[in-house]
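Colleague: I would like to know what stands behind the labels on this model. Take me through them one by one.

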Amino acid sequence: MKKLDIKGIFTRPRKLLLHPEMEWQVIGRENIEGIELFKNFLVPLSVLSSVCAILLRLLSTSPLYAIGTGIILFMASVVGSYIAYRVTREYLSNKVAEANRMALRLAVYSSAVFIPFHCLSSGFSEGFISQLMAICSLLCLRTLHVGLNQLTALDVQYRKSAIVIIGLLVIVSPIIIQQLLMIMFRIPTIYA
């Protein structure tokens, strides 16, 4: 991966966080396929965010625990985003034209704001900074709200429901998957 690509991976989430109206307009004009968006944007973003979590965990825990947590964060981020996309697509299928395209963009780009903050929250073991990063991860809801308003022509009642459904999926799916994988691979036991 070239240096420019790594910089570009963090540029889009930063723009979505700071200037979501302008960035969603740019996104609306792009013609990117689903597999390409996952492969060239979401997966590298999840890898880099998970690596940051591993490095932060290495400061306070054993290497095995840190690496296990990082791998689980990566898997939970990618799978959680995919689940959010699939359910969003089903919800939007009879409500908007190009439901697949809209669902993909809403799920992936909202997750792109959630994932780095969630990984940083998991990287800092406990305390104020960890909790601050967890709260900042909720900024994905603002990104989602602006995207729904700009990309779709949903009725107001459907738009409110879509924000709740998609927002919960983007936030809760990775966290549930992370907890299940932590239990399944007994990661807390390794640390003890």
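Modeller: Below, each label is set against its cut-off.

This is a predicted model, in which local features need pLDDT of at least 70, side-chain atom pairs count only at pLDDT 80 or more, and totals for chains, interfaces and linings use all residues. Residues are numbered from 1 along each chain as its sequence is written, and side-chain values use heavy atoms, with hydrogens and water left out.

Colleague: Why is Ser130 called buried?

Modeller: Buried means under 20% relative accessible area, exposed over 50%, partly exposed in between (1.4 Å probe, protein chains only). Ser130 has 9%, so it counts as buried. This serine lies in helix 6 (residues 128-136). Helices (H or I, at least four residues) are DSSP runs, numbered from the N terminus.

Colleague: What makes the link from Ser130 to Phe124 a polar contact?

Modeller: A polar contact is a pair of N or O atoms within 3.5 Å; within protein, one must be able to donate a hydrogen and the other to accept it, and residues adjacent in sequence count only if both atoms are side-chain atoms. The side chain of Ser130 reaches the backbone oxygen of Phe124 at 3.4 Å. Ser130 also touches Ser121 and Ser125, among residues beyond four places away in sequence. Contact here means heavy atoms within 4.5 Å.

Colleague: Why is the pair of Phe41 and Tyr109 called tilted?

Modeller: Rings of Phe, Tyr and Trp (its six-membered ring) pair if their centres lie within 6.5 Å; planes under 30 degrees apart count as stacked, over 60 as edge-to-face and the rest as tilted. The structure holds five such aromatic pairs. For Phe41 and Tyr109, the centres are 5.4 Å apart and the planes meet at 55°, hence a tilted pair. Phe41 lies in helix 3 (residues 34-58) and Tyr109 in helix 5 (residues 99-123), so the pair ties together parts 68 residues apart in sequence. Both Phe41 and Tyr109 are buried. Ring pairs also link Trp24 with Phe41 and Tyr109 into a cluster.

Colleague: Which of Tyr82 and Tyr85 is buried, and which partly exposed?

Modeller: Tyr85 has 10% relative accessibility, so it counts as buried. Tyr82 has 38%, so it is partly exposed. Both tyrosines lie in helix 4 (residues 63-92), three residues apart, about one turn of the helix.

Colleague: What makes Lys95 a charge over a ring?

Modeller: The rule asks for NZ of Lys or CZ of Arg within 6 Å of the ring centre and within 35 degrees of the ring normal. Lys95 lies over the face of Tyr91, at 4.2 Å from the ring centre. The charged end of Lys95 also sits over the ring of Tyr158, 5.3 Å from its centre.

Colleague: How do you know that the span of helix 7 agrees with expectation?

Modeller: The expected span is 1.5 Å times one less than the number of residues. Helix 7 (residues 140-151) has 12 residues and should span 16 Å; its end C-alpha atoms are 16 Å apart, so the two agree.

Colleague: Where does helix 8 bend?

Modeller: A bend is the angle between axes fitted to the seven residues ending at a residue and the seven starting there. Helix 8 bends by about 30° at Val172, and Pro174 follows within four residues. Helix 8 (residues 156-184) still reaches 41 Å from first C-alpha to last, close to the 42 Å expected for 29 residues. Its buried residues include Ile171, Ser173 and Pro174.

Notes:
Helix = DSSP H or I, 4+ residues; strand = E, 2+ residues; numbered from the N terminus.
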